[in-house]
Amino acid sequence: MTPTEAPRVVLGVGGGIAAYKACEVLRQLTESGHSVRVVPTAAALNFVGAATFEALSGQPVHTQVFADVSEVPHVRIGQEADLVLVVPATADLLARAAHGLADDLLTNTLLTARCPVMLVPAMHTEMWEHAATRDNVATLRSRGVVVTEPASGRLTGKDTGKGRLADPAEIVDLARLLLARPDALPRDMTALHVVVSAGGTREPLDPVRYLGNRSSGKQGYALARAAAQRGARVTLVAAHTVALPEPAGVDVVRAGTALELRDAMHAVSPGADVVVMAAAVADFRPVTRVEYKIKKTDRDPDPVGLTRNPDILAELVAARAGGQVIVGFAAETGDGAADVLEHGRAKLKRKGCDLLVVNAVGEGRAFETEDNAGWLLSSDGSERPIALGSKVHMASEIWDAVVPLTQK
Ligand code: CTP
């Protein structure tokens with residue numbers, strides 16, 4: 001791919017009910033400037049017609065190697081791709097891919113692709129947990145194929161469990177990460193339990209108002225998502241966020257206020273290998289919550305009064321045991337006293353964590369944005385910039401720095 005060309009994605013579609021969600025993935029990819037060639041299996045066309053894929057992709061759709069033979073599509077499509085993404089990857093497709101079968105256009109494409117390959121499974125829990133599927137997934141992963149963790153939730157019928165297709169927005173996020181950095185999702189966190197906090201706390205003033213902040217939760221969710229796909233056991237302690245899909249394969253614990261977040265973090269962090277405080281915690285809370293809606297005509301203009309919240313990160317650092325790695329975040333603006341990095345260095349010392357991710361905020365940066373940039377400051381004195389990229393891209397850079405610390 002030259003820098004001016006649209007990234008070329010092959011979107012394989014397996015024959016499962018989740019095939020209809022591949023249309024949403026296709027739509028999001030084409031709208032963000034990707035050239036997408038859809039290669040369904042014959043079974044996938046029982047769920048979504050070829051005309052739908054052709055209309056949404058603007059490219060021809062075939063399932064077999066005998067269409068347009070003069071173009072040698074069974075070799076060319078795979079060779080020319082920048083990413084092969086399969087949504088959904090059924091148990092049958094995982095088996096055929098693991099065994100190197102080449103009985104249709106999609107499996108031929110998987111054999112000729114030299115680019116990153118990402119398979120997004122969806123199937124019933126029993127099929128996902130079957131020893132045959134486990135072995136096929138392990139084989140594919142050992143060859144460098146990214147087989148993502150399925151989500152838990154409602155399956156085709158009334159049943160629920162692990163095996164649900166990851167959310168389309170999450171699939172596109174991970175696909176774009178692999179296009180930017182093909183090596184961004186190694187299986188190097190399988191031995192780790194990580195705890196990530198995300199979002200902004202809200203401190204109620206009365207039944208209708210709260211003290212809050214502009215954190216969207218996207219960076220914390222991206223950290224949880226990337227860790228789960230690198231094989232970690234992940235607990236996400238989520239405060240208030242904008243509407244975000246729950247990351248697939250992650251345990252989510254909800255917390256509203258700073259004190260609830262503190263309790264949740266102390267409950268889940270002991271024994272974890274890594275704790276990341278990406279949540280934006282309110283520094284103050286009302287001394288008392290007023291039970292009625294405060295009226296502007298109330299004689300006391302400040303009927304609430306504020307008190308300081310505990311510093312959860314500092315408490316976690318004080319309580320840690322057994323080489324636990326702790327990562328903090330700092331969203332800073334420079335001021336008269338110091339610039340962003342100087343504030344970051346002072347905060348790293350004050351908090352006592354191992355790594356501090358410093359974001360410069362203001363002017364449309366960090367909060368309520370899709371992309372992020374910053375610095376990674378380490379307690380050993382090393383500092384490195386993180387280039388502007390998606391939040392899951394920043395998450396990968398953070399995990400790249402964290403994983404070696406867990407091996408010390
Ligand atoms: N943090 C925390 N508990 C708080 C406040 C912050 O655990 N009560 C954590 C955040 O999750 C983040 C880090 O501390 O990882 C830095 O947050 P920040 O708000 O920048 O730090 P403060 O301690 O509030 O420092 P200051 O107000 O001086 O900037």
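This is a short presentation on helix contacts, salt bridges and two individual sites in one structure.

Good morning, colleagues. The model before you is a predicted one. I shall take the helix pairs first, then the charged pairs, and finally Val 61 and Pro 88.

Let us begin with helices α3 and α5. Helix α3 covers residues 73-80 and helix α5 covers residues 105-112; their axes come within 7 Å and cross at roughly 50°. The two helices are therefore oblique to each other. In handedness, the crossing of α3 past α5 is right-handed. On the α3 side, the contact is made by Pro 73, His 74, Val 75, Ile 77, Gly 78 and Gln 79, and on the α5 side by Leu 105, Asn 108, Thr 109 and Thr 112. Sorted by class, these residues comprise four nonpolar and six polar, with no charged residue in the contact of α3 with α5.

The second pair is α8 with α13. Helix α8 spans residues 168-180, and its axis comes within 9 Å of that of α13, with a crossing of roughly 60°. Here too the term is oblique, for α8 and α13. Their crossing is right-handed. From α8, the residues in contact are Asp 173, Leu 174, Leu 177 and Ala 180; from α13, they are Val 392, His 393 and Ser 396. This contact of α8 with α13 holds four nonpolar, two polar and one charged residues.

The third pair is α10, residues 258-268, with α11, residues 312-319. Their axes come within 10 Å and cross at roughly 20°. How, then, is α10 oriented with respect to α11? That angle makes α10 roughly parallel to α11, the limit for this term being under 35 degrees. Helix α10 passes α11 in a right-handed crossing. Ala 258, Leu 261, Arg 262, Met 265 and His 266 of α10 meet Ile 312, Glu 315 and Leu 316 of α11. By class, there are five nonpolar residues, one polar and two charged in the contact of α10 with α11.

I turn now to charged pairs. As a general point, side chains of opposite charge can pair when their charged atoms come close. How many salt bridges does the structure hold? The count is 25, and I shall discuss three of them.

The first joins the side chains of Glu 149 and Lys 162, at 3.0 Å from N to O. Glu 149 sits in the loop between β5 (146-147) and β6 (151-154), whereas Lys 162 belongs to strand β7 (residues 160-164), so the pair ties together parts that are 13 residues apart in sequence. Is each partner buried or partly exposed? Glu 149 has a relative accessible area of 11% and is buried. Lys 162, with a relative accessible area of 26%, is partly exposed.

In the second, the side chains of Arg 254 and Glu 246 meet, again with an N to O distance of 3.0 Å. Glu 246 is partly exposed, its relative accessible area being 44%.

The third is formed by Arg 384 and Glu 397, whose closest N and O atoms are 3.9 Å apart. Arg 384 lies in strand β19 (residues 383-390) and Glu 397 in helix α13 (residues 391-406), so this bridge ties together parts that are 13 residues apart in sequence. Arg 384 is partly exposed, with a relative accessible area of 34%, while Glu 397 counts as buried at 16% relative accessibility. Both residues also belong to a network of salt bridges that share partners, and its members are Arg 181, Asp 183, Asp 188, Arg 230, Arg 384, Glu 397 and Asp 400.

Two individual sites remain. Val 61 is placed in the loop between α2 (50-57) and α3. Its relative accessible area is 7%, so Val 61 is buried. Which residues does Val 61 touch, not counting residues up to four places away in sequence? They are Val 38, Pro 40, Ala 50, Phe 53 and Glu 54. The C-alpha atom of Val 61 is separated by 53 Å from that of Cys 353, a residue 292 residues apart from Val 61 along the chain.

Finally, Pro 88 has its place in strand β3 (residues 83-89). The peptide bond from Val 87 to Pro 88 is cis, with omega near -10°.

Thank you for your attention.

Methods:
Residues numbered from 1 in each chain as written. Predicted model: local features only at pLDDT ≥ 70, side-chain atom pairs only at ≥ 80, totals over all residues. Heavy atoms only, no water. Axes fitted to C-alpha atoms, helices over the stretch in contact; angles between N-to-C directions. Helix = DSSP H or I, 4+ residues; strand = E, 2+ residues; numbered from the N terminus. Parallel < 35°, antiparallel > 145°, perpendicular 65-115°, else oblique. Left-handed = near helix turned anticlockwise from the far one by under 90°. Contact = heavy atoms within 4.5 Å. Nonpolar A, V, L, I, M, F, W, Y, C, P; charged D, E, K, R; others polar. Buried < 20%, exposed > 50% of the residue type's maximum accessible area, 1.4 Å probe, protein only. Salt bridge = Lys/Arg side-chain N within 4 Å of Asp/Glu carboxyl O.
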